[in-house]
Amino acid sequence: MALVEVQSVWKTYPRRAGLRSEQHAVVEDVSLSIEAGETLGLVGESGSGKTTVARMILGLVEPSRGAVRVDSLDVARASGAQMRRLRRKMQPVFQDPYAALNPRMSIFQIVTEPWLIHGRQAGVNGRPAALRARGAELMREVGLDESALARHPHELSGGQRQRVNIARALALRPALLILDEPVSALDVSVGAQIVNLLRRLQRENELTYLFISHSMPLVRYLSTRIAVMERGKLVETGETEALCSHPRQAYTQRLIAATPELPGAEE
Ligand SMILES: Nc1ncnc2c1ncn2[C@@H]1O[C@H](COP(=O)(O)OP(=O)(O)OP(=O)(O)O)[C@@H](O)[C@H]1O
Ligand SMILES: [Mg+2]
């Protein structure tokens, strides 16, 4: 079984229609799987339902119909203990690198917090010296200087903040990162560095990625396979090169024709 199985998932929200309220589907019968070690790119225009799918995988939004299984566990039905195990296994990185960081916490507190929450179950040594060593190691892994640990989020650039978010996501050595537009809020050149960092981290840690973006060139650069969403539906899925060289849908062709914003040299 794949690491992630999304099985005929729907998400509907009530919408006012005149005097009545009716259900409006923002995700409609979506099925996809993510194999361990691959990057699945999820691409589509704004409002197509990408974030809603991501939030259902993370267990933050409950499907109206269908099921999501991560590591064979039904996310919506997981017990508290099972959910904590899943949280260690999959971690999100969101678009806005500042909103995700508590401004009152130091970078050291931010990147070591997951241990304090999950510490014992994750088999982590919570002694101060061990925390300091792991904090420093995480900074190195994401290409930040160790001195960043003493700083606060507002003292860092957007790219550095996103590196901190990635460091925190990696703190418990997860298997899966859910990357929802992780570079969309950054300048193209800074975003390219983050994309290349993600590639390096994946190689070094055998990570599995769900990489969400509205940018087909970025998705193409990073993904093993691509899934295309249009207005709540999955319209096309395929191996990256096959899908990009022979798109079946006009919608996919339009996404491919969008302006390139390809990253530069590899890290
Ligand atoms: N809690 C909610 N209640 C009602 N409608 C919602 C809710 N969350 C999302 N939607 C609607 O669902 C649709 C899909 O939203 P979603 O955020 O999943 O799209 P997206 O593909 O991630 O878009 P973007 O590229 O802009 O991030 C949108 O029309 C959105 O307005
Ligand atoms: Mg979104």
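A residue is taken as buried if 20 or more other C-beta atoms, placed from the backbone, lie within 10 Å of its own, as exposed if 12 or fewer do, and as partly exposed in between. The model analysed is predicted, so that local features need pLDDT of at least 70 and side-chain atom pairs count only at pLDDT 80 or more, whereas totals for chains, interfaces and linings use all residues. Residues are numbered from 1 along each chain as its sequence is written, and chains are lettered from A and ligands numbered from 1 in the order in which they are written.

Helices (H or I, at least four residues) and strands (E, at least two) are DSSP runs numbered from the N terminus. Of the 13 residues of helix 5, 11 are buried, so this helix is largely enclosed by the rest of the structure. The buried set comprises G159, R161, Q162, R163, V164, N165, I166, A167, R168, A169 and L170. Their cover, counted through contacts (C-beta atoms, placed from the backbone, within 7 Å), includes strand 6 (90-93), helix 3 (107-118), helix 4 (128-141), strand 7 (176-180) and helix 6 (188-205). Q160, also in helix 5, counts as partly exposed because 19 C-beta neighbours lie inside 10 Å. Leaving aside residues up to four places away in sequence, Q160 touches L144 and A148, and its C-alpha atom is 9.2 Å from that of V190, 30 residues away in sequence.

An open sheet of 4 strands follows the order 2-1-4-5 with antiparallel pairing, where two strands pair if DSSP finds at least two bridges between them. Strand 2 (20-34) and strand 5 (73-74) stand at the edges with a single partner strand each, so one side of each has no neighbour in the sheet. Strand 1 (residues 4-17) is joined to strand 2 by 11 bridges; Y13 has H24 as its bridge partner in strand 2, and R16 stands opposite S21. The hairpin of these two strands has 2 residues between them, and G18 there takes a positive phi near 65°.

Helix 1 lies across strand 1, strand 2 and strand 4 (65-70) and runs at about 120° to strand 1, the angle being taken on a scale from 0 to 180 degrees between N-to-C directions of axes fitted to C-alpha atoms, for helices over the stretch in contact. Helix 1 (residues 50-57) also gives the most to the shell around ligand 1, with 3 residues. The residues around ligand 1 are Y13, V26, G44, S46, G47, S48, G49, K50, T51, T52 and H214, a residue being near a molecule if its C-beta atom, placed from the backbone, lies within 6 Å of it.

Technical notes:
Two residues are in contact if their C-beta atoms, placed from the backbone, lie within 7 Å.
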